[in-house]
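Good morning. I will talk about side-chain contacts today, and I will keep to a few pairs. Please look at the structure first.

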Amino acid sequence: MVSEQRAESTPTRRRGAALEKAITDAAWEILVEQGYGGFTFEAVAARAGTSKPVLYRRWPQCEDLLLASLTRHWRPLDIPDTGSLRQDALTLLRTINAERDRTVILMRIQLADYFRETGTSFNDLRDRLLPADRTPPFERLVDRAVERGELADAPRSARTVNLPFDLVRHDMLMRMGAVPDETIVEIVDAVWLPLLGLPPHDAQPED
């Protein structure tokens, strides 16, 4: 009986992917609650119920663990393919607005000390979190529009191509939350499409 009780009270030893998930989940919780200032190996190990050497073996530097945790929680977006650049852009921005508003705000505020310490920016971090072979979402939308013949095959700066996300992100940070849908439509119709060389879209009621 005693041995059975002891077995029931002994935690299961975690290994491999299960252990790494527990650690990166704990790291994310620490980041959300305490920001980068409280993001230490000691705090993460305590929250995950493990030891600092276990963390050091997998992530030699605190930044390595930070990036591992952010990568797990910064899920790549599904890129829409509706056959229309306008609808693709609206769909993608609405997805970002619905799924990323809290994360964007969290990363900007809770990682302010990280950006100051490393001399990097939100854009630098986002580029590090994307897979090396992954084309940024709005670049893929523009590439598809060129392939369809919807857009002319002309040089375009990264700033121009990615402007919709930058503008929506700016509004998220100013509002500290999701932006109104009419703002998303205005960004695409009145700003981005004309900038790409397409005629302004006459807004029509949408289903």
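How many aromatic pairs does the structure hold? The structure holds four aromatic pairs. Keep in mind that this is a predicted model.

Take Tyr36 and Tyr114 to begin with. Their rings sit edge-to-face, with the centres 5.4 Å apart and 70° between the planes. Those two values are quoted together because a pair of aromatic rings is described by the distance of the centres and the angle of the planes. Where are the two residues? Tyr36 is in the loop between helix 2 and helix 3, while Tyr114 belongs to helix 8, residues 112–118, so this pair ties together parts that are 78 residues apart in sequence. Both Tyr36 and Tyr114 are buried.

My next pair is Phe138 with Trp192, again edge-to-face, at 5.6 Å between centres and 85° between planes. Here, too, distant parts of the chain are linked: Phe138 lies in helix 10, residues 137–148, and Trp192 in helix 13, residues 181–195, which puts them 54 residues apart. Phe138 is buried, as is Trp192.

Going back to Tyr36 and Tyr114, these two form one aromatic cluster together with Phe115.

Now the charged side chains. How many salt bridges are in the structure? The structure has 13 salt bridges, and I will show three.

Lys21 and Asp25 make one of them, with 2.9 Å between the closest N and O atoms. These residues are four apart in helix 2, residues 16–34, so about one helical turn separates them. Is Lys21 buried or exposed? Neither word fits, because its relative accessibility is 44%, and Lys21 therefore counts as partly exposed. Lys21 and Asp25 also belong to a network of salt bridges that includes Arg72.

The other two salt bridges involve Arg47. Glu29 meets Arg47 at 3.1 Å, N to O. That pair connects distant parts of the chain, as Glu29 is in helix 2 and Arg47 is in helix 3, residues 41–48, with their positions 18 residues apart. Glu33 also meets Arg47 in a salt bridge, at 2.8 Å, N to O. Glu33 is in helix 2 as well, and this pair is 14 residues apart.

As for accessibility, Glu29 is partly exposed at 36%, and Arg47 is partly exposed at 34%.

To close, find two spots on the model. One is Arg47 in helix 3, with its salt bridges to Glu29 and Glu33. The other is the aromatic cluster of Tyr36, Tyr114 and Phe115.

Note on methods. Residues are numbered from 1 along each chain as its sequence is written. This is a predicted model: local features need pLDDT of at least 70, side-chain atom pairs count only at pLDDT 80 or more; totals for chains, interfaces and linings use all residues. Side-chain values use heavy atoms; hydrogens and water are left out. A salt bridge is a side-chain nitrogen of Lys or Arg within 4 Å of a carboxyl oxygen of Asp or Glu. Helices (H or I, at least four residues) and strands (E, at least two) are DSSP runs, numbered from the N terminus. Buried means under 20% relative accessible area, exposed over 50%, partly exposed in between (1.4 Å probe, protein chains only). Rings of Phe, Tyr and Trp (its six-membered ring) pair if their centres lie within 6.5 Å; planes under 30 degrees apart count as stacked, over 60 as edge-to-face and the rest as tilted.
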